[in-house]
Amino acid sequence: MVRVLVGGVIGLAIAMGVARFAFTPILPAMQAATGLGTDGAGLLASLNYLGYFVGALAAGLVPHGARRTAVFRLSLLLSVATTAAMGLDLGDAGQAMPVWLVLRFLSGLSSAGIFILGIAMVLDTLSRGGGERLAGWLYTGVGLGIASSGLFVALAGGRLGWAGDWLALGAICAVLGLLPGLWVTDPPPRHSASAAGEASARPASGPARAGGGLSAPLLLLTLAYFLEGGGYIVSATFLVSILKTDPGTAAVGEAAWMVAGLGAIGAGVFWAAVARRTNSWWALILAHLTQAATILLPMTGSPTVAVASALLFGATFVGIVSQAFALGRQLSAGASARVVGALTAAYGLGQIIGPLPAGLAVTQTGSFNAALLGAAAAVVLGAVLLAFGMVIAGRQASADAALASPNVS
């Protein structure tokens, strides 16, 4: 069980910290060397988010068993290949752009496969082995990957150049990827007959309630997660640029992403502890409200506050991911891959949409303030939806308990 958990941590580090987010620290050198413009960089980011969205939709349809394990391994292989291929000498940005667009799309596609299927298989393994308490540690991989890739680029970028950074990270991931490829597999059901009975008795994509279908609490959770995707991605995309454009915070701009990764490392464990003391609904609401404030902190212009903002941003965005998946599993009677896939698709759609109005606001106003206010508002609205979901879920639980109790007159 521990080996599967470690493999999942490494898999998330590869999928999110390197394949997905190493683009952020490498991008400035890429632009300087190849003439890649901001519009082109934004297009590459959008294609990566689009690939992630498509991958999320597809991963949720992969059936249990050997096929799920095979698709997970194929996603690992594709992730490593597309990461390394970004470092191939393809000429200037004008010549390389068509290939880069394909590579970033495929990278997003593979990241979703690793993320969704890996999380589903690890959580299923932990659940069947009585190790649910360890689930929070799985998400340390996201923070470790972000912090490690950012530190690698900072230390080696001057010597290897942007292309060498991509190639070296691809080689490192190729070696590390052997471990999740071997250790993370889809666990067999405890009892084939009972598992089949349970599968036929409950709806595939919703909680196990009479009448089937998508419950109101799960729908509200999904909508809140969509808003989180659209809100958090504004800071995730522009955090370094926001800090570097302000003279007061320019000095900490390059370090901010590494600090965000450090904040993300223990986030899953921390918010799991909060959920144990309250519940996943309250943990998510608190994380959303904290993140909304965090998104606005760079507007102060203080370098100390900016560093604190990056730290809290990493801690909240990973905490929201971990608790949304935990709550989704509860509301869906443990349908891991389908719920993780549906939530990730909603999140991915938010990520595609979010940067568009933010970019327009920056262009029109010449400031990031309006974009940050809009992002924070989206996250707060998500917290409101979660509060409604918590109330409805509580009423449903009370009604179910009343039906189950004997009628004594």
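Start by selecting residues 280–296: this stretch is helix α13, and A293 is found in it. Keep in mind as you look around that this is a predicted model.

Now click on A293 itself. Is A293 buried, partly exposed or exposed? Its relative accessibility is 42%, and because the partly exposed class lies between the 20% and 50% cut-offs, A293 counts as partly exposed.

Next, keep A293 selected and add V339. In sequence, A293 and V339 are 46 residues apart. Draw a line from C-alpha to C-alpha and you should read 28 Å between A293 and V339.

Time to zoom out. Colour the protein by secondary structure: how many helices and strands are there? The protein has 17 helices and zero strands.

Switch to the C-alpha trace and turn the protein along its principal axes. The trace spans about 80 × 45 × 30 Å. The radius of gyration is 21 Å, which agrees with the value near 22 Å that a compact globule of 409 residues would have.

Then look at what is inside. Of the 409 residues, 53% are buried. If you display contacts with a separation of 6 or more, 83% of them join residues 24 or more positions apart.

Turn on the surface next. The accessible surface comes to about 16,900 Å², and carbon and sulfur atoms account for 69% of that area.

For the last stop, colour the charges. The protein has 18 positive and 12 negative charges. How far apart are the mean positions of these two groups? The mean positions of the positive and negative charges are 13 Å apart.

Definitions and conventions
Residues numbered from 1 in each chain as written. Predicted model: local features only at pLDDT ≥ 70, side-chain atom pairs only at ≥ 80, totals over all residues. Heavy atoms only, no water. Helix = DSSP H or I, 4+ residues; strand = E, 2+ residues; numbered from the N terminus. Rg over C-alpha atoms; globule rule 2.2 N^0.38 Å. Buried < 20%, exposed > 50% of the residue type's maximum accessible area, 1.4 Å probe, protein only. Contact = heavy atoms within 4.5 Å. Areas by Shrake-Rupley, 256 points an atom, 1.4 Å probe, with all protein chains shown as cover. Lys, Arg positive; Asp, Glu negative; His and termini not counted. Charge placed at Lys NZ, Arg CZ, Asp CG, Glu CD.
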